[in-house]
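Visitor: Hello, and thanks for making time. Please walk me through this one, with a little reasoning behind each answer.

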Amino acid sequence: MSDTSFDVIIIGSGPGGYVTAIRSAQLGFKTAIVEKSHLGGICLNWGCIPTKALLRSAEIYHYLQHADVYGLKADNVTFDPAAVVKRSRGVSKRLADGVGFLMKKNKVSVIWGAATLEGQGKITVAAAKTEAPKGTLGPGSYQAKHIIVATGARPRVLPGLEPDGKLVWTYFEAMVPEKMPKSLLVVGSGAIGIEFASFYRTMGADVTVVEVLPQILPVEDAEIAAFARKQLEKQGLKIFTGAKVTKLDKQADSVTATIDDGKGGTQTLTVDRVISAVGVVGNVENLGLEKLGVKTDRGCIVIDGLGKTNVPGLYAIGDVAGPPMLAHKAEHEGVVCIEAIKGLHPHPLDKAKIPGCTYCTPQIASVGLTEAKAKEQGLDIRVGKFPFAGNGKAIALGEDQGLIKVIFDKKTGQLLGAHMVGAEVTELIQGYVVAMTLETTEDELMHTVFPHPTLSEMMKEAVLDAYGRVLNM
């Protein structure tokens, strides 16, 4: 086969795309990946990774401001906005460079440009607007027996809230501010909106969040979301729920927003900048999907549990294939897809066992059914809870505000869901994810020895509480 013919071509090099490419090469397929902007996609360059770098800077700044709580002194603590952004960009570059190394290591060809599906296992790649890295293939026609679309997603745009890159930001602009705004309006309270609200508030901005639904963090358990809201408001965030921004009036260096409070009243708010964080939509345009008759639904490609579309030889994974739009879902979905192509008979992706994490302060993490969803399904459940205030490690860390909540099926002992808010819960949640994947029962969890002193002990205590056996509360 020539350099234009492959077994597998993957369109998009985000976490789903590049991980799938590596697994494809491991399985012996001649593999190519098409990218037009950044190796590593949005996650590594403009999403998951750089935001965590920003939030880490904010966390350290917060601790320095409250050093006296720990018996320490740190006077005249300030920050350099340019240096904070520079560190974040450096972290992204390091990881993006790492993706390039992994492609070379696994002998995956990188085709630089914008791909269009031509049918019958063929694509056309047009020149990209960005400069092609050394060692990549260029524009032209390519073919493969299997083509996997992994083009990701982009910020959703609402009428009247169109970002302009200067006064009204998406997460792209919010990640690289030329200066820190003194006041900020965040529209939307999902993970992206709350993370940026938390970051800018910690860095000193006056932040207001507007959410159209009744609770912030709408996909989370109501009790966890309410706890998080209380903590965020203690930090100075102003939060409006059941409300919406109906109008933005732009001035030279500020924006005046009209807010419908959902109760028949309106108010205006003038801020330096607005962040639109009202979700994302799949990148399905300009791929040639319509020409091939690829089935889509609400802006996403329709697939089965193994990544297959309705067109033979064409697959889709990650954000473009629908929610939850999370990097780790894309990675796993891609591995399942390519292993199915190889004939390894992997288990279809179980979306009920995909954890979600929000890295604000306090952190939020969850997996499985919320209490409300479990009740909607008519399940007879047991609910267990344990507060951070009852955990020795949390108190020693000065992080005693948080909650662990678990939901079990009363009849079978099956763990249906786990929900957390507090310090480091994004690292703790995986314990429950493993338990659910292994179909662990409450009895097995209660007989598992957790190390002391750790935050993880609260995970066992919450289980004990669900069965009337909690020890430290």
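Guide: Happily! A helix here is a DSSP run of H or I with at least four residues, and helices are numbered from the N terminus. Please keep in mind that this is a predicted model.

Visitor: Let's begin at the end of a helix, then. Which residue with a positive phi follows H14?

Guide: H14 covers residues 457-466, so look just past that run of the DSSP assignment. There phi turns positive, near 70°, and the residue that has it is Gly468.

Visitor: How many residues of H14 are buried?

Guide: A residue counts as buried under 20% relative accessible area. Among those in H14 that pass are Met458, Met459, Val463 and Leu464, and Glu457 and Glu461 are buried too. The helix is mostly covered, and of its 10 residues the number buried is eight.

Visitor: What do the buried residues of H14 pack against?

Guide: Start with the sheet: H14 lies across E22, E23 and E24, and it runs at about 140° to E22. Two helices join those strands as packing partners. The full set is E22, E23, E24, helix H12 (425-437) and H13.

Visitor: Now the sheet itself. Which strands stand at its edges?

Guide: Five strands form an open sheet with antiparallel pairing, in the order E20-E21-E24-E23-E22. The end strands each have a single partner, so one side of each is left without a neighbour in the sheet. Those edge strands are E20 (356-358) and E22 (381-387).

Visitor: What is the average twist from one strand to the next?

Guide: The value belongs to the open sheet of five strands. Going from one strand to the next, the twist averages 10°.

Visitor: How many bridges join E22 to E23?

Guide: The two strands run antiparallel. One residue pair to find in your viewer is Lys385 opposite Lys405 in E23. The number of bridges joining E22 to E23 is seven.

Visitor: And on the other side of E23, which residue of E24 is the bridge partner of Ile407?

Guide: E23 (residues 403-409) and E24 (residues 415-422) pair in the antiparallel sense over six bridges. In one of them Ile404 has Met420 as its partner. For Ile407, the partner in E24 is Gly417.

Visitor: Which residue takes a positive phi in the hairpin of E23 and E24?

Guide: The hairpin has five residues between the strands. Its positive phi is near 80°, and the residue that takes it is Gly413.

Visitor: How many residues of E23 are buried?

Guide: Check both faces of the strand: Leu403, Lys405, Ile407 and Asp409 are buried on one side, and Ile404, Val406 and Phe408 are buried on the other. E23 is therefore largely enclosed by the rest of the structure. The number of its residues that are buried is seven of seven.

Visitor: I always check backbone outliers. Where does Lys107 lie, with its positive phi?

Guide: Most residues other than glycine have a negative phi, so a positive one deserves a look. Lys107 has phi of about 60°, and at 71% relative accessibility Lys107 counts as exposed. Its place is the loop between helix H4 (81-105) and strand E3 (109-112).

Visitor: His345 has a positive phi too; is that residue buried or exposed?

Guide: His345 has phi near 55° and lies in the loop between helix H9 (327-342) and E20. Exposed means over 50% relative accessible area. With 71%, His345 is exposed.

Visitor: Which residue does a cis peptide bond join to His452?

Guide: Most peptide bonds are trans, so cis ones are worth locating. One joins Thr361 and Pro362, with omega about 5°, and Pro362 lies in the loop between E20 and strand E21 (363-368). Another, with omega about -5°, leads to the loop between helix H13 (442-446) and H14. There the residue joined to His452 is Pro453.

Visitor: Last one: which residues line the largest cavity?

Guide: About 30 Å³ of space lies in it, and helices H3 (48-65) and H6 (191-202) each supply at least two lining residues. The lining divides into four nonpolar, one polar and one charged residue. Its members are Thr51, Leu54, Leu55, Glu195, Phe196 and Phe199.

Technical notes. Residues are numbered from 1 along each chain as its sequence is written. This is a predicted model: local features need pLDDT of at least 70, side-chain atom pairs count only at pLDDT 80 or more; totals for chains, interfaces and linings use all residues. Side-chain values use heavy atoms; hydrogens and water are left out. On a 1 Å grid over the protein atoms alone, a cavity is a set of points where a 1.4 Å probe fits but cannot get out, and a pocket is an open set with protein on both sides within 12 Å along at least five of seven lines; lining residues have an atom within 4 Å of a point. Grid points are joined across faces, edges and corners, and a volume is the space filled by probe spheres set on the points. Ala, Val, Leu, Ile, Met, Phe, Trp, Tyr, Cys and Pro count as nonpolar, Asp, Glu, Lys and Arg as charged, and the others, Gly among them, as polar. Two strands pair if DSSP finds at least two bridges between them. Axes are lines fitted to C-alpha atoms, for helices over the stretch in contact, and angles run from 0 to 180 degrees between N-to-C directions. Contact means heavy atoms within 4.5 Å. Buried means under 20% relative accessible area, exposed over 50%, partly exposed in between (1.4 Å probe, protein chains only).
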